[in-house]
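Notebook open, coffee poured. Today I'm looking up how the sheet is put together and what sits around its middle.

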Amino acid sequence: MKYDFDKIIDRRGTGCVKWDEMPKGLAAEKTADVIPLWVADMDFPAAPAISEAIRRRAEHGVFGYTHVGDDYYEAVISWFQRRHQWTIHREEIFYTTGVVPAMSVAVKALTMPGEKVLILSPDYNCFFSSIRNNGCEVLESCLKSLESKVESLEFATASEPRAAANSPLSTLTSPLFEVDWTDFEAKCADEKTTVFLLCNPHNPTGRVWTKEELERMNDTCLRHGVKVVSDEIHCELIMPGHRFQPFAAVSEACRQNSVILNSPSKSFNIAGLQTANIICAVPEWRRRLDRAININEVCDLNPFGPVALIAAYNESEDWIDQLNEYLWDNYRALLSFFTEHLPQCRVTSLEGTYLVWVDVSALGIPVEQLCDRLLQEGRVRVNPGTMYGPQTGRGYIRINIACPRSLLMEGMRRIKTVIATDNK
């Protein structure tokens, strides 16, 4: 079946955070035509199997407390086994209401107040708040930005890249981020560091960590007694030429030193259904996680979350594959636009997620000011990089490309207009 990702769905007036929530200070007459390319939420309807499963459940008419059955666990286990060659046992799975609540549960379970939690900065903004809300200190190891030559932006499959010598973008140079291993080791060696909170794939830089990188992270953590919590919510959003590696499936050592957080919410655009999983192979840690889930009171799911997860994992694999192809073409279109019209801005190589990290430092405008002008003058909303690290995010903006291409390109034209006006 061929899915239509070009169709524009009007989401205004549905209580949608992305479209209906506008910043204070924006005049009411300016909100009607804003193009939101900010929060990590897709503008595509859910896969048909998911919508049908929810419709059938809604027709029942009674929405009481929800029991999570065997079919839920079987769907999770089957998906990760066949899709990522990761064997999960049922007793290792805890369901909860979202990956951010799961993150807070993991930090609460594995740390004591006053300890340090290490992150790779810039990083997902909720990492900072979750760590601090649990009485811990954020410790940042800053990623290094490298120059990498993008040889091709066209691939036959994820495992068989093909040359594109005639592509106008085939020699584009764009930054790539990697771990500063010396600094990472030093931060793990800090006696107060007890947990490393990893974003895999990485938001906002779009890195998909390799098996070798993940193994090196774990080896370093083990040397210093640091536990790993890996947020893998973007694990199905992988661009051609790259492959997602679950942290716990790297090795037995990784499996025994990690807590994994995942959910179909980002990949299948069902975040509002509030369903996520915590996966842990260590019995003692599971006892502490179970206790933290109950302390935080995030132990109950709504009636629609489980049926959506089952339909996503059991019936929607072709949908996610086509989605990734569409997102890749959106990225190529965005990259081509920046190359032609805004060459002073550098677009980071996108390996995973649908969030593009753009270096706008050459414009010489503080990113908060730039984002405000894009919203006020251009009616396009993007995220300032400083959300993801006050220092490491300076000079960057984050653009969400998970929308119909016509909408994305109109947003790009508006960005160009504002920047061109500023440079006159």
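I started with strands 7 and 8: they run parallel and are joined by 5 bridges. Strands here are DSSP E runs of at least two residues, helices are H or I runs of at least four, both numbered from the N terminus, and two strands pair if DSSP finds at least two bridges between them. Phe 196 stands opposite Val 228 in strand 8. I followed the chain from strand 7 through helix 7 to strand 8, and this β-α-β crossover is right-handed (clockwise from the first strand over the helix to the second, with the strands pointing away from the viewer).

Note on the source: this is a predicted model, with local features needing pLDDT of at least 70 and side-chain atom pairs 80 or more, while totals for chains, interfaces and linings use all residues. Residues are numbered from 1 along each chain as its sequence is written, and side-chain values use heavy atoms, without hydrogens and water.

Next I checked burial (under 20% relative accessible area, 1.4 Å probe, protein chains only). In strand 8, 5 of the 5 residues are buried, so the strand is largely enclosed by the rest of the structure. Lys 227, Val 229 and Asp 231 are on one side, Val 228 and Ser 230 on the other.

Strand 8 also runs parallel to strand 9 (residues 258-262), over 4 bridges; there, Ser 230 has Ile 260 as its bridge partner.

Zooming out, I get an open sheet of 7 strands, order 2-10-9-8-7-3-4, with mixed pairing. Its edges are strand 2 (93-96) and strand 4 (137-142), each pairing on one side only.

Last, I looked at strand 2 with strand 10 (residues 276-280): antiparallel, 4 bridges. Thr 96 is opposite Ala 276 there.

Conventions:
Buried < 20%, exposed > 50% of the residue type's maximum accessible area, 1.4 Å probe, protein only.
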